[in-house]
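Please keep the viewer open beside this text, and make each selection as it is named before reading on about what can be found there.

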Amino acid sequence: MSIDNKRETDKNMRCIGVTKNKTSGTVQFSYVRNTILLLACIVIVLSVSWYTFTYYSLRKPMQEVSSSDDLFKGIVVDVKYGEFLKSDVLIFNLKKVPEDSQKIAPFKYFIDYLVSVEENGRTFTEVVLQYRGKSKFKISGDAAHKLVAKSHSQELLDIALEFPVMLMTIGGKFPFVEPQGDPQYVIQKKAHNFEKFLKDWFIFDMSKDYKKKKKKTPTSKPTKTLAPPEEKGDIPEIPDSLPSKSPSVEAKPESSPTFEVPPIEPERI
């Protein structure tokens with residue numbers, strides 16, 4: 001083989017190698033791009049499906065409960081599951097309570113919502129109570145089911161008195177203990193526990209928020225009414241006769257009040 005033919009052969013081999021590298025790089029890039037697009041489509045489909053599922057299983061019942069009683073007017077609640085694609089934990093987030101709302105209204109809202117959701121076939125292993133996104137308490141799924149059962153046979157106030165002992169802190173401790181002893185003491189203690197629960201859940205933070213708003217709101221000062229300015233071109237009218245002098249009256253000084261000094265009794269010897 002001549003030297004020229006050998007050089008031409010080497011040149012062709014190099015061109016073939018470069019072509020193979022370009023082709024393999026293009027195929028690899030196309031595979032990565034298709035994989036990313038496929039994953040993005042899967043994420044979008046899952047997100048849309050999860051949002052739809054959350055809406056019909058949680059938010060739609062919440063909207064129905066909100067419009068079912070005038071007691072809930074102005075109360076804003078957000079509900080969601082504990083984790084993405086995990087529906088065993090319910091988060092009940094109380095976002096707003098009107099200042100003039102009844103204290104027990106958010107609790108009744110919570111009980112009515114549990115009833116509505118369970119009637120639609122939803123049960124949970126845990127229910128978390130929040131106020132403005134901050135977790136305050138939680139109850140077990142069994143406790144939530146008991147509340148729903150009690151709502152069919154007991155009055156709201158009776159359920160409220162029995163509710164605090166079902167509560168757990170976020171760490172898993174029971175902050176309220178079942179009171180025992182004199183019946184009158186037990187009832188008073190249960191009422192005190194429920195009031196403390198409401199205070200720790202939202203009343204304390206809500207009162208602080210309203211106080212801050214009142215401080216920020218400036219008090220409106222009364223506006224002074226100014227007399228209309230006189231026009232420069234107007235000349236005041238001159239009366240036909242001068243007013244007669246009014247007789248001067250000497251003002252007598254007011255008599256200062258006299259204080260009677262009590263007589264001094266002689267000292268007894």
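Begin by selecting Glu 118 and His 145 and showing their side chains, which are joined by a polar contact of 2.8 Å. The model in front of you is a predicted one, and the distances given along this tour are to be read as distances within that prediction.

Stay with Glu 118 for a moment, whose place is in helix α2. Is Glu 118 buried or exposed? Neither word fits, because Glu 118 has a relative accessible area of 23% and is therefore partly exposed, the limit for a buried residue being under 20%. Leaving aside its neighbours within four places in sequence, Glu 118 is in contact with Val 148 as well as with His 145. If you now add Ala 144, which lies 26 residues from Glu 118 along the chain, you will find the two C-alpha atoms separated by 9.4 Å.

Next, select helix α3, residues 141–151, and colour its buried residues, which are Gly 141, Ala 143, Ala 144, Leu 147 and Val 148. These residues lie on the same side of α3, because they cover an arc of only 165° around the axis. To see what covers them, show the surrounding elements, which include α2 (105–119), β3 (126–131), β4 (134–140) and α4 (156–162).

From here, turn to the largest nonpolar core, which has 47 residues, and pick out Phe 110, Phe 163, Phe 197 and Trp 201, those with the most contacts inside it. Helix α2 gives the most to this core, with nine residues. In soluble globular proteins, nonpolar side chains tend to be buried together. Centre the view on Phe 197, which, not counting residues up to four places away in sequence, touches Phe 107, Leu 129, Phe 137, Phe 163, Leu 167 and Phe 176.

Finally, select the strands, starting with β1 (residues 76–83) and β2 (residues 86–96), which run antiparallel and are joined by seven bridges. Within this pair, Val 79 stands opposite Phe 92 in β2. Where the hairpin of β1 and β2 turns, there are two residues between the strands, and Leu 85 takes a positive phi near 65°.

How do β2 and β3 run, and how many bridges join them? They run parallel and are joined by six bridges, and you can follow the pairing at Asn 93, which stands opposite Gln 130 in β3. To close the tour, show β2, α2 and β3 together, since these three elements make a right-handed β-α-β unit.

Terms used: Residues numbered from 1 in each chain as written. Predicted model: local features only at pLDDT ≥ 70, side-chain atom pairs only at ≥ 80, totals over all residues. Heavy atoms only, no water. Buried < 20%, exposed > 50% of the residue type's maximum accessible area, 1.4 Å probe, protein only. Helix = DSSP H or I, 4+ residues; strand = E, 2+ residues; numbered from the N terminus. Arc of directions from axis to C-beta. Contact = heavy atoms within 4.5 Å. Polar contact = N/O pair within 3.5 Å; in protein donor to acceptor, adjacent residues only side chain to side chain. Core = buried A, V, L, I, M, F, W, Y, C linked by side-chain atoms within 4.5 Å. Pairing = 2+ DSSP bridges. Right-handed = clockwise from strand over helix to strand, strands pointing away.
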